[in-house]
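Me: Please take a close look at one charged pair in this protein. Then follow the theme to other pairs and to unusual spots in the backbone. Keep it brisk, since I am new to this.

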Amino acid sequence: MKDKKIPTKIFLEEKELPKFWYNINAIMPEKHEPALNPKTLKPCTLEDYKEVFCEELAKQEMNMTDEYIPIPEEVQDFYTMIRPSPLTRAYCLEKVLDTPAEIYYKFEGNNTSGSHKLNSAIAQAYYAKKEGLTSLTTETGAGQWGTALSMACAYFGLDLTVFMVKCSAEQKPFRKAVIETYGGKVIPSPSITTKIGRDILEKYPNTGGSLGCAVSEATEKALETPNCKYVLGSVLDHVILHQSIIGLETKTALEKYNIEPDMLISCVGGGSNFGGFIAPFVKDKINGTKNYRIIGVEPKSCPSLTRGKYAYDFGDTGKITPLLKMCTLGSGFMPSANHSGGLRYHGMNPIVSKLYHDGYIEAVSVEQTKVFEAAVQFAKSEGILPAPESSHTIRVAIDEALKCKQTGEKKKIVFCLTGTGYFDLKAYSAFNNNTMVDYIPTDADLQKGFDTLPNITYNK
């Protein structure tokens with residue numbers, strides 16, 4: 001029976017929509033280590049960042065003091081077309097699980113890109129247009145970011161080149177079709193169109209690619225193209241800043257109905273949706289006013305938090321990006337091509353890595369067959385076909401709800417449903433046909449990636 005005081009879907013009114021992004025860096029008790037220039041091994045300066053990124057994005061990346069950063073009016077106007085996203089009580093899933101737990105999910109798939117990625121894509125495209133640029137380059141893994149950025153670039157009249165991880169491009173041809181519909185150009189990565197791509201193909205001729213490869217190629221392309229900059233869909237702090245709108249809306253919706261969460265769960269690949277979702281909540285945990293369990297969920301095939309090393313590493317396989325202090329498997333790590341669930345980046349955002357290292361958040365890794373079991377159960381009960389990435393979150397949310405069934409605890413579980421899986425039908429077919437297999441790297445497999453870590457110690 002539904003609780004009459006809590007509707008199935010909680011929406012915010014226009015006056016309740018965020019006018020500011022939330023900057024976790026401003027409230028971190030101990031800041032994460034700075035990004036280092038790979039040539040000088042000194043902290044990156046604004047000028048270093050401006051070689052690749054838009055100036056305003058570079059300033060946001062370096063902002064460690066301002067807790068709230070205004071959302072430009074033009075971006076707010078765009079947000080009103082897709083936001084607020086609903087916070088939904090999963091009554092049907094609760095019934096199927098026969099759990100006393102209350103389950104809520106923040107659904108970010110109500111836009112053509114099908115994911116949360118549009119929250120940052122539109123902001124980054126706005127700053128590029130404002131700076132007078134005419135084109136952008138980027139990478140994309142599962143395709144959500146490339147799709148979102150193609151929409152944003154079309155909105156502001158910018159050209160776009162997307163380097164898409166090769167195995168994802170092969171698994172998801174219709175993602176390519178949508179990106180091209182919005183005017184973007186898709187190049188499977190690694191490719192022969194860049195020097196770095198050719199070098200990677202020579203070393204790994206049969207590789208299905210990785211986000212690290214795609215980042216390298218997109219960066220090289222941006223540096224060689226006039227009036228062009230590179231934009232990133234995850235990993236960096238300014239992307240988490242833009243995604244904080246997810247957490248801000250979630251917190252406001254929960255407070256509207258006096259819902260006090262016991263745990264907050266989301267998937268982690270590079271860290272953008274997870275960092276944005278937890279942003280306003282982690283402040284309460286740092287301050288000691290709340291004791292939420294904050295859980296990041298990653299694939300066992302690419303376990304940067306649960307099995308990675310906390311060290312300085314390159315953000316890309318070609319080793320041309322700044323060095324970041326993060327949980328990493330090594331920039332040379334190549335995830336298995338049979339992994340269908342996205343979340344295939346070798347490292348993790350520095351904020352998320354620092355929070356994990358300091359014990360403010362937890363991390364769990366799960367096998368993809370169990371992920372798809374949860375995805376199908378959710379689809380049947382809640383009527384949404386979830387993205388594989390999101391389904392990592394659903395897996396752990398279901399597991400936690402079943403624990404409540406055993407203990408009788410009526411915990412409140414809140415998770416971020418980052419997007420839909422309608423471009424992931426090849427993976428769903430593999431699961432339905434029992435041809436999907438799990439891959440868990442051995443310690444020897446991981447060591448190959450760790451061997452690519454640079455020997456760097458930063459002294460403040």
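Reply: Start with Arg 293, which is partly exposed at 27% relative accessibility. Keep in mind that this is a predicted model. "Partly exposed" fits because 27% falls between the limits of 20% and 50%. Glu 400 is buried, with a relative accessibility of 7%. That label follows because buried means under 20%.

Now put these residues together. Arg 293 and Glu 400 form a salt bridge, and their closest N and O atoms are 3.2 Å apart. Where do Arg 293 and Glu 400 sit in the chain? Arg 293 belongs to strand β11, residues 293-299. Glu 400 belongs to helix α15, residues 388-407. The pair links distant parts of the chain, 107 residues apart. So a partly exposed Arg 293 meets a buried Glu 400.

This pair has company. By the same rule, the count comes to 27 salt bridges.

Take Lys 172 and Asp 424 next. They form a salt bridge with the closest N and O atoms 2.7 Å apart. Lys 172 lies in the loop between α7 (166-171) and α8 (173-181). Asp 424 lies in the loop between β15 (412-417) and α16 (425-432). These parts are 252 residues apart in sequence, so the pair ties them together. Is Lys 172 buried or exposed? Lys 172 is buried, at 5% relative accessibility. Asp 424 is buried as well, at 3%.

Arg 83 and Glu 108 form another salt bridge, with the closest N and O atoms 2.9 Å apart. Arg 83 is in the loop between α3 (73-82) and β4 (87-89). Glu 108 is in the loop between β5 (102-107) and α5 (118-130). The pair therefore ties together parts that are 25 residues apart in sequence. Arg 83 is buried, with a relative accessible area of 6%. Glu 108 is buried too, with 3%.

Which residues share a network of salt bridges with Arg 83? They are Lys 106, Glu 108 and Glu 249.

Arg 83 also leads us to the backbone. Its peptide bond to Pro 84 is cis, with omega near 5°. Pro 84 is placed in the loop between α3 and β4. A cis bond stands out because most peptide bonds are trans. Another cis peptide bond joins Ser 189 and Pro 190, where omega is about 10°. Pro 190 lies in the loop between β8 (185-189) and α9 (195-203).

Next, look at phi. Most residues other than glycine have a negative phi. Asp 98 is not glycine, yet its phi is positive, near 55°. Asp 98 lies in the loop between α4 (91-97) and β5. Why does Asp 98 count as exposed? Its relative accessibility is 52%, and exposed means over 50%.

Lys 319 also has a positive phi without being glycine, and the value is near 60°. The loop between β12 (309-314) and β13 (323-328) holds Lys 319. Lys 319 is partly exposed, with a relative accessible area of 38%.

Go back to the starting pair to finish. Arg 293 in strand β11 and Glu 400 in helix α15 come from distant parts of the chain. Their salt bridge joins them with closest N and O atoms 3.2 Å apart.

Notes
Residues numbered from 1 in each chain as written. Predicted model: local features only at pLDDT ≥ 70, side-chain atom pairs only at ≥ 80, totals over all residues. Heavy atoms only, no water. Salt bridge = Lys/Arg side-chain N within 4 Å of Asp/Glu carboxyl O. Helix = DSSP H or I, 4+ residues; strand = E, 2+ residues; numbered from the N terminus. Buried < 20%, exposed > 50% of the residue type's maximum accessible area, 1.4 Å probe, protein only.
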